[in-house]
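Hi,

Here is the structure I said I'd pass along. Have a look at it first, and then read my notes underneath.

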Amino acid sequence: MFKRQRWAHRADYPELQVDDLDIAVALLPPGSMAARRKHAVAAAIDRRELSRRLHGALGPLDSFTGLWEPGRAIAPARAGHGLFAAAGRAPARLVFPDFSPNRETAHILAEQIADNTGLVLRPEAIDYRAYLTELHTTHREDFRLVLLASPWPDPAALLLPFTRRPADRLPGGPASGFADLVHRALAADDLHDRLALCARAEEILLATGEVCLFGRLRSAARLRVENYVSPPSGWADLSVCELPHD
């Protein structure tokens with residue numbers, strides 16, 4: 001790969017396949033953080049600006065059902081400085097698996113969250129073994145950048161794992177009806193009915209603040225490279241790129 005003097009336009013690479021993947025990118029806040037603070041962090045992210053600064057490596061996303069509704073409106077970022085003490089607060093860690101575009105994504109997230117809440121995050125790479133095995137133990141009280149891949153193309157697929165928790169740990173608690181909504185969605189034949197049921201289940205999940213969706217991974221992006229050939233996995237390596245200076 002060779003650097004170019006400008007960011008390439010999509011039209012420069014007519015043979016390059018660019019696809020939206022069924023992979024959501026999310027931020028998991030510290031387990032002990034209050035829900036209202038988790039919501040303030042989620043609201044502080046400017047998803048469209050993030051997508052722009054990553055040159056399309058991520059598309060903006062704020063819900064699981066948004067994977068299945070192209071063109072869905074994305075809420076603008078909101079400031080929430082009042083919930084976080086500014087003075088004397090030690091930076092919180094934001095851990096991410098150490099491959100692109102996670103590094104670039106983590107630094108932009110930290111910048112946006114600091115600007116809109118005053119909460120200072122310190123991005124820190126972790127190896128892939130730790131990412132797979134320690135997110136809910138060693139790193140439970142850190143902010144964690146994660147990829148959530150849909151195992152099959154269905155709006156309910158990313159919600160189903162949350163139904164397998166013990167009853168007292170279900171989103172919204174055992175009386176919330178979360179698991180029932182997801183199972184009804186799986187049984188629905190009509191896509192609109194399935195999406196509606198998933199949207200109701202997702203409202204319950206997002207109310208907990210434990211998952212903050214902000215992007216959808218894409219298989220290729222506008223890269224500052226020449227003679228670019230998409231790797232077999234379809235992943236785009238942004239480590240060869242320089243972030244633009246705004």
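Below is what I found, going from the sheet to the helices and then to the charged pairs. Keep in mind that this is a predicted model.

**The sheet**

The place to start is an open sheet of six strands, in the order S3-S7-S2-S6-S4-S5 and with mixed pairing. Its edges are S3 (58–60) and S5 (121–126), each of which pairs on one side only. From one strand to the next, the twist averages 30 degrees.

At the S3 edge, the neighbour is S7 (residues 212–218), and the two pair in the antiparallel sense over three bridges. If you want a residue pair to find your way by, Leu 58 stands opposite Leu 217 in S7.

Towards the other edge, S4 (92–97) runs parallel to S5, with six bridges joining them. Arg 93 stands opposite Arg 122 of S5 here, and both of these arginines come back further down. S4 is also parallel to S6 (143–149), this time with two bridges. Val 95 has Arg 144 as its bridge partner in S6.

How enclosed is S4 by the rest of the structure? Largely so, because five of its six residues are buried.

**Helices against the sheet**

H3 (residues 102–117) lies across S2 (20–28), S3, S4, S5, S6 and S7. Against S4, the helix runs at about 155 degrees.

H1 (residues 35–43) has a set of buried residues: Lys 38, Ala 40, Val 41, Ala 42 and Ala 43. Note the lysine in that list. The cover over these buried residues includes S2, H2 (47–53), H3, S6 and S7, so both strands and helices contribute to it.

**Two spots in the loops**

Phe 99 sits in the loop between S4 and H3. It is partly exposed, with a relative accessible area of 30%. Together with Tyr 128 and Leu 132, Phe 99 makes a nonpolar surface patch of about 310 Å².

Glu 134 is the other one to look at, in the loop between H4 (128–133) and S6. Is Glu 134 buried or exposed? Its relative accessible area is 18%, and under 20% counts as buried, so Glu 134 falls on the buried side. Leaving aside residues up to four places away in sequence, Glu 134 touches Arg 129 and His 139.

**Salt bridges**

The count comes to 12 salt bridges. Here are some to click on.

- Arg 53 and Glu 111 form one, with their closest N and O atoms 2.9 Å apart. Arg 53 belongs to H2 and Glu 111 to H3, so this pair ties together parts that are 58 residues apart in sequence. Arg 53 counts as buried at 10% relative accessibility, while Glu 111 is partly exposed with a relative accessible area of 37%.

- Glu 69 pairs with Arg 72 in a salt bridge whose closest N and O atoms are 2.7 Å apart. Both ends are partly exposed: Glu 69 has a relative accessible area of 30%, and Arg 72 comes in at 34%.

- Asp 154 and Arg 194 form another, the closest N and O atoms being 2.2 Å apart. The pair links distant parts of the chain, since Asp 154 is in the loop between S6 and H5 (178–187) and Arg 194 is in H6 (residues 191–207), 40 residues apart. Asp 154 is buried at 7% relative accessibility, and Arg 194 is buried too, with a relative accessible area of 16%.

There is also a network: salt bridges that share partners join Arg 93, Arg 122, Glu 124 and Asp 142. This is where the two arginines from the sheet return, as Arg 93 stands opposite Arg 122 in S5.

**If you only have a few minutes**

I'd go first to S4, with its parallel neighbours S5 and S6. After that, try the Arg 53 and Glu 111 pair, which ties H2 to H3, and then the buried pair of Asp 154 and Arg 194.

Happy to go through any of this with you on screen.

Cheers

Methods:
Residues numbered from 1 in each chain as written. Predicted model: local features only at pLDDT ≥ 70, side-chain atom pairs only at ≥ 80, totals over all residues. Heavy atoms only, no water. Pairing = 2+ DSSP bridges. Helix = DSSP H or I, 4+ residues; strand = E, 2+ residues; numbered from the N terminus. Axes fitted to C-alpha atoms, helices over the stretch in contact; angles between N-to-C directions. Contact = heavy atoms within 4.5 Å. Buried < 20%, exposed > 50% of the residue type's maximum accessible area, 1.4 Å probe, protein only. Patch = residues over 30% accessible without salt bridge, like charges linked within 9 Å, V, L, I, M, F, W, Y side chains within 5 Å. Areas by Shrake-Rupley, 256 points an atom, 1.4 Å probe, with all protein chains shown as cover. Salt bridge = Lys/Arg side-chain N within 4 Å of Asp/Glu carboxyl O.
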